Amino acid sequence: MARTRRDDDGHGRAGRVLSGLAVAVGCVLFLGGFAWAALLYQPYAVPTDSMEPTIARGDRILAQRVDGDEVRRGDVVVFRDKLWGDVPTVKRVIGVGGDTVVCCDRQGLLTVNGKPVEEPYLHSTGPASPTPFSATVPKDRLFLLGDHRADSLDSRTHLTDAGQGSVPRGAVRARVDATAWPASGWGMIERPASFAALPGGTSRPGPLPLLVGCVCAGAVLILGGAAYGPLSRRPARSREKQEKGGGAT
């Protein structure tokens with residue numbers, strides 16, 4: 001009988017160790033993922049329809065804090081510029097310093113340095129812009145448009161301003177990686193393949209999927225570890241009750 005109890009104590013001790021280890025690792029992953037995300041990302045609410053269908057009015061987005069020099073064509077960015085009202089604004093980068101952006105060609109496509117750009121993210125299937133335009137982007141500046149071209153106040157509206165509607169790279173606060181809310185609209189913002197062939201290519205997505213994975217894995221380990229300890233002790237307690245009952249009879 002004493003041997004059985006020693007075996008039960010050994011199993012119970014191992015269970016408690018594994019349970020504690022799972023909870024500890026889970027806390028590191030869960031809290032570390034949140035802390036890392038808080039350092040890298042900032043949430044924003046989008047108050048207009050100018051980026052539909054990519055981002056709808058009222059959506060909450062997660063934007064990675066980046067330097068303006070890291071921005072590439074096709075990125076959706078959050079920037080702040082005095083000529084645009086000095087408020088956080090969300091638009092897509094279409095041209096960078098030295099680019100000539102023209103719309104539209106005979107197929108209704110926007111061109112960058114004479115090369116047509118397919119834009120599957122646009123709100124409508126018509127021309128890339130309801131109004132024609134042409135602009136040459138000065139060095140270290142960005143030309144920005146909304147995805148809902150018929151309902152977006154963007155670089156086209158500021159063509160007569162200095163820089164032909166472009167904004168300084170230093171105005172960029174963050175690059176949008178995902179839509180976080182509503183839950184039905186959760187998803188990563190893809191980099192358009194049409195810009196990949198242009199010089200400089202497209203940017204790489206941030207580590208948001210990894211961070212989400214760390215948080216989820218941490219939550220599973222915490223819950224699993226917390227539940228494993230009590231469950232691992234149940235068989236031993238059950239056997240003890242049976243032994244005590246058998247001795248009484």
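**Pockets, strand pairing and salt bridges in the predicted model**

In the second largest pocket, α2 contributes the largest share of the lining, at 5 residues. The model is a predicted one. At least two lining residues of this pocket come from each of α1 (2-40), β1 and α2. The full lining consists of Gly33, Phe34, Ala37, Tyr41, Pro43, Leu62, Trp186, Leu208, Leu211, Val212, Val215 and Cys216. Sorted by class, these residues comprise 11 nonpolar and 1 polar, with no charged residues. The space enclosed by the second largest pocket is about 260 Å³.

The largest pocket holds about 380 Å³ of space. Its lining counts 17 residues, of which Thr48, Ser50, Thr89, Val90 and Lys91 are the closest to the centre. Two elements, β1 and β4 (89-96), give two or more residues to this lining. The greatest contribution to the lining of the largest pocket is that of β4, with 3 residues. In terms of class, the lining of the largest pocket divides into 9 nonpolar, 6 polar and 2 charged residues.

Strand pairing was examined next. Strand β1 (residues 41-45) pairs with β2 in the antiparallel sense, over 5 bridges. Within this pairing, Pro43 has Leu62 of β2 as its bridge partner. Pro43 and Leu62 are also among the residues that line the second largest pocket. Strand β2 is further joined to β11 by 6 bridges, and these two strands run antiparallel. Here the bridge partner of Ile61 is Thr179, in β11. In a regular strand, side chains alternate between the two faces of the sheet.

The salt-bridge count for the model comes to 9. One of these salt bridges links Arg57 to Asp49, with the closest N and O atoms 3.0 Å apart. Asp49 has a relative accessible area of 18% and is therefore buried, the cut-off for that class being under 20%.

A second salt bridge is formed by the side chains of Asp75 and Arg175, at 3.7 Å from N to O. Asp75 lies in the loop between β2 (60-65) and β3 (76-79), whereas Arg175 lies in strand β11 (residues 172-181), so this pair ties together parts that are 100 residues apart in sequence. Asp75 and Arg175 are both buried. Strand β11 also carries Asp177, whose salt-bridge partner Arg191 lies in the loop between β12 (187-188) and α2 (208-248); the pair therefore ties together parts that are 14 residues apart in sequence. The closest N and O atoms of Arg191 and Asp177 are 3.3 Å apart. Arg191 and Asp177 are likewise buried. Through shared partners, the salt bridges join Asp75, Arg175, Asp177 and Arg191 into one network.

Thr111 is located in strand β6 (residues 110-112). Its relative accessibility is 10%, so Thr111 counts as buried. When residues up to four places away in sequence are left out, the contacts of Thr111 are Thr100, Val101, Val102, Asp105 and Pro116.

Several backbone features were also recorded. The peptide bond from Cys103 to Cys104 is cis, with omega near 5°. Cys104 is placed in the loop between β5 (100-103) and β6. Another cis peptide bond joins Trp181 and Pro182, where omega is about 5°. Pro182 belongs to the loop between β11 and β12.

Positive phi values occur in residues other than glycine. For Asp86, phi is near 55°. This residue is found in the loop between β3 and β4. With 36% relative accessibility, Asp86 counts as partly exposed, since that class covers values between the cut-offs of 20% and 50%. Gln164, also not a glycine, has a positive phi of about 50°. The position of Gln164 is in the loop between β9 (141-145) and β10 (167-168). Its relative accessible area of 32% places Gln164 in the partly exposed class.

Conventions: Residues are numbered from 1 along each chain as its sequence is written. This is a predicted model: local features need pLDDT of at least 70, side-chain atom pairs count only at pLDDT 80 or more; totals for chains, interfaces and linings use all residues. Side-chain values use heavy atoms; hydrogens and water are left out. Helices (H or I, at least four residues) and strands (E, at least two) are DSSP runs, numbered from the N terminus. Buried means under 20% relative accessible area, exposed over 50%, partly exposed in between (1.4 Å probe, protein chains only). Contact means heavy atoms within 4.5 Å. A salt bridge is a side-chain nitrogen of Lys or Arg within 4 Å of a carboxyl oxygen of Asp or Glu. Two strands pair if DSSP finds at least two bridges between them. On a 1 Å grid over the protein atoms alone, a cavity is a set of points where a 1.4 Å probe fits but cannot get out, and a pocket is an open set with protein on both sides within 12 Å along at least five of seven lines; lining residues have an atom within 4 Å of a point. Grid points are joined across faces, edges and corners, and a volume is the space filled by probe spheres set on the points. Ala, Val, Leu, Ile, Met, Phe, Trp, Tyr, Cys and Pro count as nonpolar, Asp, Glu, Lys and Arg as charged, and the others, Gly among them, as polar.
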